[in-house]
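Trainee: Could you take me through the backbone of this one up close, at the spots where its geometry goes off the usual track? I'd like to see what sits around those spots too.

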Amino acid sequence: MNVEGRHYRTIWTEGGGDDETLYIIDQTALPHTFRILPLHSVEDVCRAIREMWVRGAGLIGATAAWGVWVAARTAPEQGFSEFMTQSMEKLRVTRPTASNLVWALERQKKAMAGLSGKEAERAAHAEAAAITDEDAQFCRRIGVHGLGLIQKLHERHPERPVNILTHCNAGWLAFVDYGSALSPVYAAFDAGIPVHVWVDETRPRNQGASLTAWELCRHGVPHDLIADNVGGHLMQHGMVDMVITGADRVTRCGDAANKIGTYLKALAAADNNVPFYIALPSSTFDFSLCDGVRDIPIEERNADEVRVMSGLSERGEVERVCICPPETPARNWAFDVTPARLITGLITERGVCEASEEGILSLYPEQRGI
Ligand code: MRU
């Protein structure tokens with residue numbers, strides 16, 4: 001993504017040798033401030049994930065992978081492996097729902113097996129770089145496969161833009177580059193297909209309003225921000241051609257955990273014959289689970305995210321305001337699970353498949369029998 005004339009990934013290092021430093025974009029400051037932060041210790045990395053300076057399944061995974069490298073370079077010579085075990089555990093518990101976190105830590109564990117000190121540090125660096133590059137490449141390919149679906153809708157109604165509804169932020173900011181749900185949108189826009197995006201604000205943290213809208217502005221994609229409950233009405237009136245969202249975890253049977261509210265959009269889409277797609281790279285599959293409603297852990301976050309909102313005041317300052325009686329309690333589930341039966345298809349780096357065990361295994365045959 002180009003920001004102020006420079007191409008950025010969402011996580012990168014600068015400098016060489018002992019001076020090499022990990023950088024991220026503080027997503028809690030967007031859309032009003034583009035702030036870059038260095039992460040020097042494994043505590044910094046854990047805080048960045050927990051407090052959502054970085055967020056989104058792919059970026060959480062990539063950040064955890066770099067967190068292992070940060071841990072390896074700051075580990076004491078004596079007690080190296082205990083330090084690494086503790087650091088990986090600290091990273092593992094930062095957020096519970098996205099599969100990519102544990103997936104990235106498992107990859108790092110394998111890459112560093114039997115190594116310590118400088119050798120382990122080099123292996124962790126190489127693996128973090130590989131995970132980062134792979135995430136970007138896989139998301140680029142999701143765009144290519146999703147473009148085909150948008151192209152077909154465009155051919156059906158060439159006289160008007162293809163209207164795509166999305167929920168939360170599964171764009172460049174949620175991954176290393178391109179994004180999952182927004183990658184097909186960018187590919188279609190770049191190919192000259194007229195597209196228009198309905199952006200759900202995505203309460204309580206408003207990732208749609210603050211992140212997806214910001215990204216679409218940067219790329220020049222036509223869009224309108226809508227309140228979370230508008231989608232059903234638009235679908236009833238033929239104003240949505242397709243829904244594409246991302247996912248934080250998808251089971252081998254096709255159930256998909258995504259930002260809270262996604263399930264309601266899928267129900268409305270099914271009732272109105274609007275195709276509902278989930279876009280994800282393979283790192284978001286959890287092949288160990290089938291029943292997502294029963295088995296995917298759903299993060300419950302601080303209730304103040306529901307009770308308190310922040311935004312730019314008329315004075316041009318970012319301010320926090322309480323939107324309910326101060327004594328009102330709140331609950332804050334961050335994700336819900338959309339059952340496979342409501343999903344038209346999964347857009348992956350290997351192609352588009354049915355949201356079913358057979359469909360998924362036809363693209364990922366190496367997972368048969370596991
Ligand atoms: O809580 P977040 O912001 O980390 O949630 C992740 C999301 O943005 C969405 O659920 C997204 O659609 C899937 S992550 C690519």
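Mentor: Let's start with Glu 4, which is found in the loop between β1 (2-3) and β2 (6-7). Bear in mind that we're looking at a predicted model. The phi of Glu 4 is near 50 degrees, so a positive value in a residue that isn't glycine. That's worth a second look, because most residues other than glycine have a negative phi. As for its surroundings, Glu 4 has a relative accessible area of 74%, so it counts as exposed, the cut-off being over 50%.

Now hop to Asn 206, in the loop between β7 (195-200) and α7 (207-219). Here phi is near 60 degrees, again positive without a glycine. The setting contrasts with that of Glu 4: Asn 206 has 12% relative accessibility, so it is buried, the limit being under 20%.

Stay in that loop, since Pro 204 lies there as well. Arg 203 and Pro 204 are joined by a cis peptide bond, with omega about 5 degrees. There's a second cis bond, between Leu 30 and Pro 31, and omega is about 5 degrees there too. Pro 31 belongs to the loop between β4 and β5. Both bonds deserve a check, because most peptide bonds are trans.

What's around these spots? Leu 30, from the cis bond with Pro 31, is among the residues nearest the centre of the largest pocket, together with Thr 28, Arg 205, Ser 310 and Arg 320. That pocket has a volume of about 840 Å³ and a lining of 29 residues. The lining is mixed: 10 nonpolar, 10 polar and 9 charged. Elements that each supply at least two of those residues are α7, α11 (304-307), β14 (308-312) and β15 (318-322). So the helix that ends the Pro 204 loop helps to line this pocket.

For comparison, the second largest pocket holds about 470 Å³. It has 22 lining residues, and Trp 103, Ser 282, Phe 285, Phe 287 and Gln 367 come closest to its centre. Two or more residues each come from α4, α5 and β13 (285-286), and α4 gives the most, with 6. By type, this lining splits into 8 nonpolar, 5 polar and 9 charged.

Now follow α4 and the strands flanking the Pro 31 loop inward. β4 (21-25), β5 (36-39) and α4 (99-112) each give two or more residues to the largest nonpolar core, and so do α1 (42-50), α2 (57-74), α3 (80-92) and α5 (117-156). α2 has the largest share, 12 residues. Of the core's 41 members, Ile 11, Leu 22, Ile 24, Val 68, Met 84, Leu 91 and Met 112 touch the most others. Take Met 84: beyond its neighbours within four places in sequence, it is in contact with Val 68, Ala 71, Ala 72, Ala 75 and Met 112. A second core, separate from that one, has 33 residues, including Ile 25, Val 162, Val 195 and Leu 216.

So if you go back to the backbone, I'd keep three places on screen: the loop holding Glu 4, the loop with Pro 31, and the loop that carries Pro 204 as well as Asn 206.

Methods:
Residues are numbered from 1 along each chain as its sequence is written. This is a predicted model: local features need pLDDT of at least 70, side-chain atom pairs count only at pLDDT 80 or more; totals for chains, interfaces and linings use all residues. Side-chain values use heavy atoms; hydrogens and water are left out. A nonpolar core is a set of buried Ala, Val, Leu, Ile, Met, Phe, Trp, Tyr and Cys residues joined through side-chain atoms within 4.5 Å. Buried means under 20% relative accessible area, exposed over 50%, partly exposed in between (1.4 Å probe, protein chains only). Helices (H or I, at least four residues) and strands (E, at least two) are DSSP runs, numbered from the N terminus. Contact means heavy atoms within 4.5 Å. On a 1 Å grid over the protein atoms alone, a cavity is a set of points where a 1.4 Å probe fits but cannot get out, and a pocket is an open set with protein on both sides within 12 Å along at least five of seven lines; lining residues have an atom within 4 Å of a point. Grid points are joined across faces, edges and corners, and a volume is the space filled by probe spheres set on the points. Ala, Val, Leu, Ile, Met, Phe, Trp, Tyr, Cys and Pro count as nonpolar, Asp, Glu, Lys and Arg as charged, and the others, Gly among them, as polar.
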